[in-house]
Amino acid sequence: MPPRETPELRDIRVATVQFQHAPSDKPYNLGRVRHFVAEAARSAVEIIAFPEMCLTGYWHVRKLARDAFEALAEPVPSGPCTRELLRLSAEHRMTIGAGLLERGGEGQIYNSYVVAMPDGTWQVHRKLHVFEHPDISAGDRYTVFDTPHGCRLGVLICYDNNIVENARATALLGAEILLAPHQTGGCNSVSPRGMKPVDPAIWARRKEDPDGVEAELCGPKGRGWLMRWLPSRAHDNGMFLLFSNGIGPDDDEIRTGNAMVLDPYGEVIVETREPGDAMVVADLDASLLATSSGRRWLRARRPELYASLAQRTGQEQETRKVRFGE
């Protein structure tokens, strides 16, 4: 799908959500999706993003036996979660993105993100860089598509966004808005300067000490880490970016939330620092796209110089090895 010669995106209202999912409890998690979709509809939102694997639960799956892992997954679009997303989308005339475990046609299990659209169409992105379970399969394509709202969306799930080539490839396919669902923050990174676990004692006292928990979630374990790189994905590629994330305990880690919307200059339009379930709403100014630095820089590219980007260096490893230092 080639980029558009001139941006056709109109001004559009979007929302992004953080919430604490319940492990393996699809009815509860779908209930949270319904709640926020209804709230967003009252604000005339047209596109809403929910977190990675928020419908099935996330971090606990690494401990599941193969049969339980397979049982949690469901096909797309015939599974009950996708059917409910499509029903909600049609009811509220809203494009809805949410994450789950997908069972592929030949039995593969993917970390997937379903985008249901109000005209009954749907798209699914399969995470490219996976590590959540020994038996999980990686996706092998980018996901960029037009919507009934007159805009072109791209999807990259969590670790996909860490790799700069993925964001650039998505922009080159014409994405104007990037959905970036995550389950991040509070991770025990192998890097001495990476994320570290959130202090459970500080989380437990979040109501008594809101300043303390905000400092914990928004420091280098959460927002501070995001701000090292997330704005550059929007800025360098001239895309709006909807960052959605988990919040609170997720098995033995604590997610840091901070759902936010960024403009094509990498500026934060709106964000939440709530230590709990929350949604933020933003109006995207389409006029920012054409003059954004990233859009102009894309036109100055010299592809004949970039052959080395598609060549193996011999240092490539499976994402699990990189993620866990194996």
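**Exercise 1. Place leucine 289 in this predicted model. Which helix holds it, and is it buried or exposed?**

Solution.
Step 1: Find the element. Leucine 289 sits in helix 8, which covers residues 287-291.
Step 2: Check the accessibility. Leucine 289 has 0% relative accessibility. The cut-off for buried is under 20%, so leucine 289 counts as buried.
Step 3: Take one distance. Alanine 90 is 199 residues away from leucine 289 along the chain. The C-alpha atoms of leucine 289 and alanine 90 are 29 Å apart.

**Exercise 2. Describe the surroundings of glutamine 123. Which residues does it contact, leaving aside neighbours within four places in sequence?**

Solution.
Step 1: Find the element. Glutamine 123 belongs to strand 5, residues 122-126.
Step 2: Classify the exposure. The relative accessible area of glutamine 123 is 28%. Partly exposed lies between 20% and 50%, so glutamine 123 is partly exposed.
Step 3: List the contacts. Outside that window of four places, glutamine 123 touches Tyr113, Val114, Val115, Met117, Thr143 and Phe145.
Step 4: Add a distance. Threonine 147 lies 24 residues from glutamine 123 in sequence, and their C-alpha atoms are 9.9 Å apart.

**Exercise 3. Work through the salt bridges. How many does a search of the whole structure find?**

Solution.
Step 1: Recall the principle. Side chains of opposite charge can pair when their charged atoms come close.
Step 2: Take the total. The whole structure contains 25 salt bridges.
Step 3: Examine glutamate 214 and arginine 273. Their side chains form a salt bridge with an N to O distance of 3.4 Å. This pair links distant parts of the chain, 59 residues apart. Glutamate 214 is in helix 6 (residues 210-218). Arginine 273 is in the loop between strand 14 (268-271) and strand 15 (278-284). Glutamate 214 is partly exposed at 33% relative accessibility. Arginine 273 is also partly exposed, with a value of 37%.
Step 4: Examine aspartate 250 and arginine 255. Their closest N and O atoms are 3.2 Å apart, and the two residues form a salt bridge. Aspartate 250 and arginine 255 are both buried.
Step 5: Examine arginine 312 and glutamate 316. Their salt bridge has an N to O distance of 4.0 Å. Arginine 312 has a relative accessible area of 72% and is exposed. Glutamate 316, at 39%, is partly exposed.
Step 6: Look for a network. Arg34, Glu84, Arg87 and Glu91 are joined into one network by salt bridges that share partners.

**Exercise 4. Find unusual backbone geometry. Which two residues are joined by a cis peptide bond?**

Solution.
Step 1: Read omega. Valine 76 and proline 77 are joined by a cis peptide bond, with omega about 10°.
Step 2: Locate proline 77. Proline 77 is in the loop between helix 2 (66-72) and helix 3 (80-92).
Step 3: Turn to phi. Serine 24 is not a glycine, yet its phi is positive, about 65°. Serine 24 lies in the loop between strand 1 (12-18) and helix 1 (26-42). At 39% relative accessibility, serine 24 is partly exposed.
Step 4: Take aspartate 251. Its phi is near 60°, again positive in a residue other than glycine. Aspartate 251 sits in the loop between strand 11 (247-250) and strand 12 (253-256). Its relative accessibility is 36%, so aspartate 251 counts as partly exposed.

**Exercise 5. Assess the whole chain. Why does the protein chain count as compact as a globular protein of its length?**

Solution.
Step 1: Count the elements. The protein chain has ten helices and 15 strands.
Step 2: Compare the radius of gyration with the rule. The radius is 19 Å, and the globule rule gives 20 Å for 326 residues. The values are close, so the chain is as compact as a globular protein of that length.
Step 3: Add the box. Along the principal axes, the C-alpha atoms fill roughly 50 × 50 × 50 Å.
Step 4: Look at burial. Of the 326 residues, 54% are buried.
Step 5: Check contact range. Among contacts between residues at least 6 apart in sequence, 70% join residues at least 24 apart.
Step 6: Describe the surface. The accessible surface is about 13,900 Å², and carbon and sulfur atoms hold 50% of it.
Step 7: Tally the charges. The protein chain carries 39 positive and 44 negative side chains. The centres of these two sets lie 2 Å apart.

Notes:
Residues are numbered from 1 along each chain as its sequence is written. This is a predicted model: local features need pLDDT of at least 70, side-chain atom pairs count only at pLDDT 80 or more; totals for chains, interfaces and linings use all residues. Side-chain values use heavy atoms; hydrogens and water are left out. Helices (H or I, at least four residues) and strands (E, at least two) are DSSP runs, numbered from the N terminus. Buried means under 20% relative accessible area, exposed over 50%, partly exposed in between (1.4 Å probe, protein chains only). The radius of gyration is taken over C-alpha atoms; the globule rule is 2.2 Å times the number of residues to the power 0.38. Contact means heavy atoms within 4.5 Å. Accessible areas come from the Shrake-Rupley method with a 1.4 Å probe; for residues, only the protein chains shown count as cover. Lys and Arg count as positive and Asp and Glu as negative; His and the chain ends are not counted. The place of a charge is taken as NZ of Lys, CZ of Arg, CG of Asp or CD of Glu.
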